[in-house]
Amino acid sequence: MNGPVTPPALLATADELDALAYGLAGAGFPGAGPTLVAAAPPEHRAAVARRLTGALRMRGIVQSCAGGWQVAPAYRRLLDAVLDPDLVVGVRVRTPGASTMTLVSRGRGTVVLHEATTDGDHRLRHSPTDLPTAVRHLLAAPTRPPCGTGAERLTRTGLRRRIDQGPATPFTHAVAGCRYAARVTPFGGAGDGTYHAASAVLLAAETGPLWTVEVHDDDLVIAEPVDDITAWLRQLLLESVPARSNRG
């Protein structure tokens, strides 16, 4: 028996994505940035969006219909998940050789990865895994054996002083020699339709444990070693702000 068909990847400019979002939901495309549709006066946005869909029609992403145009069925699942998500997670990873940023959206049973290309375009692609697994793969966090190191609590001033003057601790060693840093930001929808975010930071040096870091408003820095990245990530997503209900 054949399984579900994986949607093809969608490659488009920010202007094209915003035109699609305006036509489907009457609002901008999340993560697209400044666009021609957004810059147009409200009374002209529909006309600007229609003009921008011309190239999408030629590529088979949208189709003509009695009402004007519609998204081709092959791409509709990707757009539905991004435009009507129950959870979105931003994943930013920095290493000495690269820096990446991906938005992972889960909506209507589909998980979608939204990435910017080096040419400034945007790529939406289906994830074959659930959202926590997709985020873990994107993190590509270094695997370290359990270290037995305890949590550390420092003020930001104290952290800088220890890095500059010592004495070193396992955490200040990781900060001073950082070779891997990541930020995971779960966005959950509130009941009023707004979104709130709470980030978590990971970092590691060439050797030693992987650390999760919290910086509090009272200048306190709390760092804890992470032995099981999968368990840590699932707990983070469980504790994120409540997801909103789908509209459709």
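Two strands are taken to pair if DSSP finds at least two bridges between them. The exercises below apply this to a predicted model.

**Exercise 1.** Determine in which sense β12 and β13 run, how many bridges join them, and which residue of the hairpin takes a positive phi.

*Solution.* Begin with the bridges: six of them join β12 to strand β13 (residues 220-226), and the two strands run antiparallel. Next, look across the pair, where V213 stands opposite A223 in β13. Finally, turn to the link, for the hairpin of β12 and β13 has four residues between the strands, and D219 takes a positive phi near 80°.

**Exercise 2.** Describe how β11 pairs with β12, and find the residue in the turn that has a positive phi.

*Solution.* Strand β11 (residues 200-205) pairs with strand β12 (residues 210-215) over three bridges, in the antiparallel sense. Within this pair, L203 stands opposite W211 in β12. The two strands form a hairpin with four residues between them, and in its turn G208 has a positive phi of about 95°.

**Exercise 3.** Classify the crossing of helices α1 and α4, and then list the residues that make their contact by class.

*Solution.* The axes of helix α1 (residues 14-25) and helix α4 (residues 73-83) come within 11 Å and cross at roughly 80°. Because angles of 65 to 115 degrees count as roughly perpendicular, α1 is roughly perpendicular to α4. On the α1 side the contact is made by L20, A21 and L24, and on the α4 side by R76, L79 and L83. Sorted by class, this contact has five nonpolar residues, one charged residue and no polar ones.

Methods: Residues numbered from 1 in each chain as written. Predicted model: local features only at pLDDT ≥ 70, side-chain atom pairs only at ≥ 80, totals over all residues. Heavy atoms only, no water. Axes fitted to C-alpha atoms, helices over the stretch in contact; angles between N-to-C directions. Parallel < 35°, antiparallel > 145°, perpendicular 65-115°, else oblique. Contact = heavy atoms within 4.5 Å. Nonpolar A, V, L, I, M, F, W, Y, C, P; charged D, E, K, R; others polar.
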